[in-house]
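Work through the following exercises with the structure open beside you, and try each task before you read its solution.

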Amino acid sequence: MILVTGGAGFIGSNFVLDWLANGDEPVVNLDLLTYAGNMENLVAIGQDKRHTFVRGDICDRALVARLLAEHRPRAILHFAAESHVDRSILGPGEFVRTNVQGTFELLEAARAYWNSLDAGARAAFRFLHVSTDEVYGSLGPADPAFTETRGFEPNSPYSASKAASDHLVRAWFHTYGLPVLTTNCSNNYGPFQFPEKLIPLMIQRALAGEPLPVYGDGLNVRDWLYVTDHCTAIRRVLESGRLGETYNIGGWNEKPNIEIVRGICALLDEMAPSPAGPRERLITYVKDRPGHDRRYAIDARKIESELGWRPAESFETGIRKTVRWYLDHRHWSERVTSGAYRDWVRENYGDRQGEAT
Ligand code: NAD
Ligand code: TYD
């Protein structure tokens, strides 16, 4: 079995659903259920015996040690993090706690567990750390895309905390021999993404007829990858990645933000026309994000040549599926926006943590 952290968040929940759809190996899912964790992402596997959910904190080393001793996973896939740049600007402390301290505690628990294994299990064990392209910093318009050998130049509290966690993971490999793998992926989009990030936020606001806030001049560039492609890439790295290596994952899909927002407006106008007219009228330029990175671009040739991974979705197919998903799951979005998705956490857990459900 495998242990996933952060498996009630956007990418983690997609990964758990995808994992169970593609094989029989059970998953223990450790998630604190912060505002970003949503059990409604996992309803499709609610009765699935292969999924064990534990509400708990990756900073709680004793809890992680107990889960490892009890379930004896062959791998830890570490998704749990604070993940939103704007939140990291308003409150960086939680990012240092979860992303840096949390990764440290997890590494230490993993190291103790790994040391206790027999030779065969030790050789097979993997700690896969899920990280971001934002650790590399910002590119100029003509700069080559990020390769794995590029130095880290993080500019936001979020990316700095992720860069720190990447360094810890690297050090645990070089110093202690812990069998680690790191992935650095570009911006994901798809089902179950919390509507604070660009794409779901714009879909939701456009449907509600609200202004669409574009930061600065709207010409900041991101590389976009459909979330299921990220999940497939992580599975490939887990299966065949070389120990201690990092793999960049990207969609070969660089786009300025304004183009993304206009594209969403056009798709919504086509799939759910509004009597008030085209949604582009809602686009509103707002004050820029402080320290806003201008451009990210991923050179994903290493994972392609070593592991044979390429994205299955183009941006055109992926964004169409995503808009369709949000149109078909308005109930999910409404419960996230109203906060109703948190009721289950309060009812079921209160202050209780660390127990399997
Ligand atoms: P998310 O914010 O949607 O989900 C994070 C999950 O972690 C939530 O379920 C939350 O409850 C959980 N969590 C937070 N603190 C925790 C703690 N202390 N203990 C246990 N669980 C905790 O994030 P996401 O977008 O799914 O990102 C997942 C990972 O992928 C992150 O490590 C992020 O840095 C990385 N990443 C994200 C993107 C992206 O575009 N979203 C791109 C590249 C890499
Ligand atoms: P975001 O989804 O927050 O991801 P990240 O900052 O990690 O890349 O933002 C993607 C891009 O969209 C980024 O350049 C900031 C911009 N953006 C807006 O213009 N308006 C918004 O309301 C948001 C949330 C983001």
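**Exercise 1.** Which residue has an N or O atom in its side chain 2.9 Å from an oxygen atom of ligand 2?

*Solution.* Keep in mind throughout that this is a predicted model. Begin with the side chains: the residue sought is Asn-187, whose side-chain N or O atom is 2.9 Å from an oxygen atom of ligand 2. Turn next to the backbone, where an N or O atom of Pro-213 lies 2.8 Å from a nitrogen atom of ligand 2, and where an N or O atom of Tyr-215 lies 2.9 Å from an oxygen atom of the ligand. Finally, consider the cover: ligand 2 on its own has 520 Å² of accessible area, and the protein covers 96% of that area.

**Exercise 2.** Describe the shell of residues around ligand 2 by its members, its classes and its secondary structure.

*Solution.* There are 19 residues around ligand 2, and those that come nearest are Glu-134, Pro-213, Arg-222, Arg-289 and His-292. Sorted by class, the shell holds eight nonpolar, five polar and six charged residues. As for secondary structure, at least two residues of the shell come from each of helix H3 (85-90), helix H7 (198-208) and strand E8 (212-215).

**Exercise 3.** How many cavities of 30 Å³ or more does a search of the whole structure find?

*Solution.* The search finds two such cavities. The largest has a volume of about 50 Å³, and its lining includes Glu-134, Arg-222, Arg-289 and His-292. The second largest cavity holds about 30 Å³ of space, and its lining has five nonpolar, three polar and no charged residues, among them Phe-10, Asn-38 and Trp-332.

Conventions:
Residues are numbered from 1 along each chain as its sequence is written. Chains are lettered from A and ligands numbered from 1 in the order in which they are written. This is a predicted model: local features need pLDDT of at least 70, side-chain atom pairs count only at pLDDT 80 or more; totals for chains, interfaces and linings use all residues. Side-chain values use heavy atoms; hydrogens and water are left out. A residue is near a molecule or strand if one of its heavy atoms lies within 4 Å of it. A polar contact is a pair of N or O atoms within 3.5 Å; within protein, one must be able to donate a hydrogen and the other to accept it, and residues adjacent in sequence count only if both atoms are side-chain atoms. Accessible areas come from the Shrake-Rupley method with a 1.4 Å probe; for residues, only the protein chains shown count as cover. Helices (H or I, at least four residues) and strands (E, at least two) are DSSP runs, numbered from the N terminus. Ala, Val, Leu, Ile, Met, Phe, Trp, Tyr, Cys and Pro count as nonpolar, Asp, Glu, Lys and Arg as charged, and the others, Gly among them, as polar. On a 1 Å grid over the protein atoms alone, a cavity is a set of points where a 1.4 Å probe fits but cannot get out, and a pocket is an open set with protein on both sides within 12 Å along at least five of seven lines; lining residues have an atom within 4 Å of a point. Grid points are joined across faces, edges and corners, and a volume is the space filled by probe spheres set on the points.
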